[in-house]
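Biologist: Could you walk me through this model in plain terms? I have it open in front of me and would love to talk it over.

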Amino acid sequence: RMLNQLSDGIRARFPVVLTHKYACDQAVVTLLRARTLGNSPSPLKSSLQEVHSEEWLRKQLCYLSECQRHRKGLQAFSMSRSTRRQLPSLSSREQHGSWQPT
């Protein structure tokens with residue numbers, strides 16, 4: 001109902017397909033269209049894992065570069081170093097996800 005109140009231009013930019021219970025990213029919907037009856041879901045799963053790992057690596061790189069920038073700022077003001085948390089590995093993130101396709 002909420003999306004019906006938006007103009008067509010804004011609705012087209014909305015990144016998710018909504019149902020009454022669930023939501024699905026538009027990129028996943030595009031990948032699902034390529035899968036037809038009789039095709040195995042394995043290629044779709046591989047594609048989703050690849051996209052997920054690329055995004056995870058991109059976010060990890062952003063985090064680490066911000067840590068480096070912060071550390072350089074602390075050194076410039078002769079302040080003590082702060083500690084950063086250890087990032088989880090991608091495999092542990094996949095194991096602890098809330099939903100895994102089967």
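Modeller: Happy to! One definition before we begin: a crossing is left-handed if the near helix is turned anticlockwise from the far one by less than a right angle, and right-handed if clockwise. This is a predicted model, where local features need pLDDT of at least 70, side-chain atom pairs count only at pLDDT 80 or more, and totals for chains, interfaces and linings use all residues. Residues are numbered from 1 along each chain as its sequence is written, and side-chain values use heavy atoms, leaving out hydrogens and water.

Biologist: What pattern does the protein chain follow along the sequence?

Modeller: Helices (H or I, at least four residues) and strands (E, at least two) are DSSP runs, numbered from the N terminus. The protein chain has four helices and two strands. Read along the sequence, they give α-β-β-α-α-α.

Biologist: Are α2 and α3 roughly parallel or antiparallel to each other?

Modeller: Axes are lines fitted to C-alpha atoms, for helices over the stretch in contact, and angles run from 0 to 180 degrees between N-to-C directions. The axes of α2 (residues 26-34) and α3 (residues 42-76) come within 10 Å and cross at roughly 155°. Angles under 35 degrees count as roughly parallel, over 145 as roughly antiparallel, 65 to 115 as roughly perpendicular and the rest as oblique. The two helices are therefore roughly antiparallel.

Biologist: Is the crossing of α2 and α3 left-handed or right-handed?

Modeller: Going by the turn defined at the start, clockwise is the sense that applies here. The crossing of α2 and α3 is right-handed.

Biologist: Which residues in α3 do V28, L31 and L32 meet?

Modeller: Contact means heavy atoms within 4.5 Å. On the α2 side are V28, L31 and L32, and their partners in α3 are L44, S47 and L48.

Biologist: Is D25 buried, partly exposed or exposed?

Modeller: D25 sits in strand β2 (residues 23-25) and touches P15 and V16, not counting residues up to four places away in sequence. Buried means under 20% relative accessible area, exposed over 50%, and partly exposed in between (1.4 Å probe, protein chains only). With a relative accessible area of 39%, D25 is partly exposed.
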